[in-house]
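Biologist: I'm new to this one and would like to get my bearings. Could you pick one part, look at it closely with me, and show how you get there?

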Amino acid sequence: ARQMVEGCSASLSPDGRLFTHNGRSHRRLALLSWEGGEERGAVSSPPGLLFDNQFWSNDSDWIASRSEGEYEDIFIHRVSLDRAYRATFSGDCDRPDFFVYPP
């Protein structure tokens with residue numbers, strides 16, 4: 001075991017080369033190198049919301065998250081576009097997961 005960063009919502013990319021790190025603001029999810037911890041990209045929270053519980057899908061271009069704020073719903077993020085899509089509308093969701101077929 002080794003400690004790379006302090007924070008929450010760590011998730012490993014499907015290829016094992018990157019991991020996620022949710023910053024203190026919960027508005028930006030850093031994508032860090034597993035080898036040395038260098039930042040390789042980032043994903044933004046949904047507009048006007050905080051986000052948490054991010055989890056990488058089976059496809060390296062998609063991450064799921066839960067919004068925080070006015071409501072707690074599941075969002076799907078396209079990493080390459082830094083774009084969020086709302087997947088649920090109940091206002092009371094947690095622990096997202098997303099499977100892309102075919103990956």
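**From a loop to the sheet**

Modeller: Let's start at Ser25, which lies in the loop between strand E1 (18–22) and E2. Bear in mind that this is a predicted model. Ser25 has a relative accessible area of 42%, so it counts as partly exposed. Now hop back 12 residues in sequence to Ser13, which is 22 Å from Ser25 in space, C-alpha to C-alpha. Ser13 belongs to the segment before E1. Its relative accessibility is 4%, and the cut-off for buried is under 20%, so Ser13 counts as buried. Setting aside neighbours within four places in sequence, Ser13 touches Leu18 and Trp56.

Trp56 is a handy bridge to the next stop, since it is one of the seven residues in the largest nonpolar core. The others there are Leu29, Leu31, Val43, Phe51, Ile63 and Val79. Strand E2 (28–33) and strand E4 (50–56) each give at least two residues to this core. There's also a second, separate core of six residues, with Trp62, Ala64, Ile74 and Ile76 among them. As for Val79, leaving out neighbours within four places in sequence, its contacts are Leu31, Val43, Ser60, Asp61, Trp62 and Ile63.

That takes us to the sheet. It's an open one, built from four strands in the order E4-E5-E6-E7 with antiparallel pairing. E4 and strand E7 (83–86) are at the edges with a single partner strand each, so one side of each has no neighbour in the sheet. On average, neighbouring strands here are turned by 35° against each other, direction ignored.

The strand to linger on is E5 (residues 62–68), which pairs antiparallel with E4 over five bridges. Asp52 stands opposite Arg66 in E5, and a hairpin of five residues joins E4 to E5. E5 also pairs antiparallel with strand E6 (residues 74–78), again over five bridges, and here Ile63 stands opposite His77 in E6. E5 and E6 make a hairpin too, with five residues between them, and Gly69 in that turn has a positive phi of about 130°.

So which way do the side chains go? In a regular strand, they alternate between the two faces of the sheet. In E5, Trp62, Ala64, Arg66 and Glu68 are on one side, with Ile63, Ser65 and Ser67 on the other, and all of them are buried. Seven of the seven residues of E5 are buried, so the rest of the structure largely encloses this strand.

Note on methods: Residues are numbered from 1 along each chain as its sequence is written. This is a predicted model: local features need pLDDT of at least 70, side-chain atom pairs count only at pLDDT 80 or more; totals for chains, interfaces and linings use all residues. Side-chain values use heavy atoms; hydrogens and water are left out. A nonpolar core is a set of buried Ala, Val, Leu, Ile, Met, Phe, Trp, Tyr and Cys residues joined through side-chain atoms within 4.5 Å. Buried means under 20% relative accessible area, exposed over 50%, partly exposed in between (1.4 Å probe, protein chains only). Contact means heavy atoms within 4.5 Å. Two strands pair if DSSP finds at least two bridges between them. Axes are lines fitted to C-alpha atoms, for helices over the stretch in contact, and angles run from 0 to 180 degrees between N-to-C directions.
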